[in-house]
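I opened this notebook to record what I looked up in one protein chain. The sequence and the coordinates come before the entries.

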Amino acid sequence: MKIDVVSIFPVFFNVLELSLLGKARARGMLDFAVHDLRDHTHDKHRTVDGTPAGGGAGMVMKAEPWGSALDSLIAGGTDPLLIFPAPAGEVFNQRLAHELAAEKHLIFGCGRYEGIDQRVFDEYTARARVKLVSLGDYVLNGGEVATVAIIEAVARLLPGMVGNPESLVEESHEGGMLEYPNYTQPAVWRGREIPEVLRSGNHAAIAKWRAEQRLLRTRELRPDLLGDAD
């Protein structure tokens with residue numbers, strides 16, 4: 001998979017060099033690049049924002065640098081999906097993560113301030129595939145945090161990314177439910193024991209217990225998910 005990110009804070013994405021994503025990039029499984037929006041400006045101050053048309057508080061990101069940056073990234077004919085983290089977007093979930101993991105090329109545009117000039121969305125919706133995505137019903141200072149979260153959730157679904165692919169099957173939000181509780185040694189910690197069934201060696205009983213725990217845990221903590229459960 002190829003992933004490009006446009007941001008005024010490229011160093012923000014150094015965190016993606018850590019752990020599985022950094023290893024995947026080093027092995028060539030993930031082609032990841034970050035592009036500084038300011039490199040697409042043409043004034044000595046490298047200006048990326050201006051006052052809102054019609055007045056109002058804050059600043060709005062200018063269309064010109066975004067147009068230059070995105071034109072350069074979609075020119076290769078790879079039919080990329082352009083993703084803009086935005087409060088008005090589709091709420092991100094595991095189903096959407098799987099959809100994005102099936103794409104060959106993702107381009108993320110990280111807005112700041114009061115957002116990006118609406119004409120950028122209009123222009124690229126007419127020329128390419130565009131999706132607005134939200135992490136939830138709250139506002140962040142910019143799109144970088146959301147982009148890192150989305151990239152991590154998507155990239156870990158790529159074939160070969162996670163050492164044991166079975167670990168992806170029963171984790172939270174797969175199949176619309178939360179993951180069952182997990183334990184490790186010692187068998188007793190501060191008087192609290194690992195459930196006996198997990199020490200029984202009876203794999204059928206363990207599988208049944210885990211399935212029951214997924215349902216019970218989801219019903220208790222996130223009953224809203226049960227309408228989406230398989």
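The entries below go from the whole chain to its pocket, one helix and a few single residues.

**Entry 1. The chain as a whole**

I note at the outset that I am working with a predicted model. I counted the secondary structure elements and found six helices and nine strands in the chain. I then took the extent of the C-alpha atoms along the principal axes, and they fill a box of roughly 70 × 40 × 35 Å. I looked up burial next: of the 230 residues in the chain, 41% are buried. For contacts with a separation of 6 or more, I found that 74% are between residues 24 or more positions apart.

**Entry 2. The largest pocket**

I asked what volume the largest pocket has. The computed value is about 460 Å³. The lining consists of 26 residues, and those closest to the pocket centre are Pro85, Ala86, Pro87, Gly111 and Gly115.

Which element gives the largest share of the lining? I found that strand β5 does, with five residues. At least two lining residues each come from β5 (81–91), α4 (118–127) and β7 (129–134). I also sorted the lining by residue class and obtained 15 nonpolar, nine polar and two charged residues.

**Entry 3. Helix α3**

I listed the buried residues of helix α3, which spans residues 94–101, and they are Gln94, Leu96, Ala97, Leu100 and Ala101. These residues lie on the same side of α3, because they cover an arc of only 155° around the axis. I then asked which elements the buried residues of α3 pack against. The partners are β5, β6 (105–109), β7 and α5 (144–155).

I checked the N-terminal end of α3 as well. Asn93 caps this end, with a side-chain oxygen placed 3.2 Å from the backbone nitrogen of Arg95.

**Entry 4. Asp117 and Arg119**

I located Asp117 in the loop between β6 and α4, and Arg119 in helix α4. Is each of them buried or exposed? Asp117 has a relative accessible area of 15%, which is under the 20% cut-off, so I recorded Asp117 as buried. Arg119 reaches 58% relative accessibility, which is over the 50% cut-off, so I recorded Arg119 as exposed.

The side chains of Asp117 and Arg119 are joined by a polar contact of 2.6 Å. I also looked for contacts of Asp117 beyond its neighbours within four places in sequence, and found Val60, Met61, Lys62 and Ala63. One of these, Lys62, appears again in my check on Arg119. Arg119 and Lys62 are 57 residues apart in sequence, while their C-alpha atoms are 9.5 Å apart in space.

**Entry 5. Lys23**

My last look-up was Lys23, which lies in helix α1 (residues 19–26). Its relative accessibility is 51%, so Lys23 counts as exposed, given the cut-off of over 50%. I then took the C-alpha distance from Lys23 to Met161 and obtained 8.8 Å. Along the chain, Lys23 and Met161 are 138 residues apart.

How values were computed. Residues numbered from 1 in each chain as written. Predicted model: local features only at pLDDT ≥ 70, side-chain atom pairs only at ≥ 80, totals over all residues. Heavy atoms only, no water. 1 Å grid on protein atoms, 1.4 Å probe; cavity = no way out; pocket = protein on both sides within 12 Å on 5 of 7 lines; lining within 4 Å. Points joined across faces, edges and corners; volume = space filled by probe spheres on them. Helix = DSSP H or I, 4+ residues; strand = E, 2+ residues; numbered from the N terminus. Nonpolar A, V, L, I, M, F, W, Y, C, P; charged D, E, K, R; others polar. Buried < 20%, exposed > 50% of the residue type's maximum accessible area, 1.4 Å probe, protein only. Arc of directions from axis to C-beta. Contact = heavy atoms within 4.5 Å. Polar contact = N/O pair within 3.5 Å; in protein donor to acceptor, adjacent residues only side chain to side chain.
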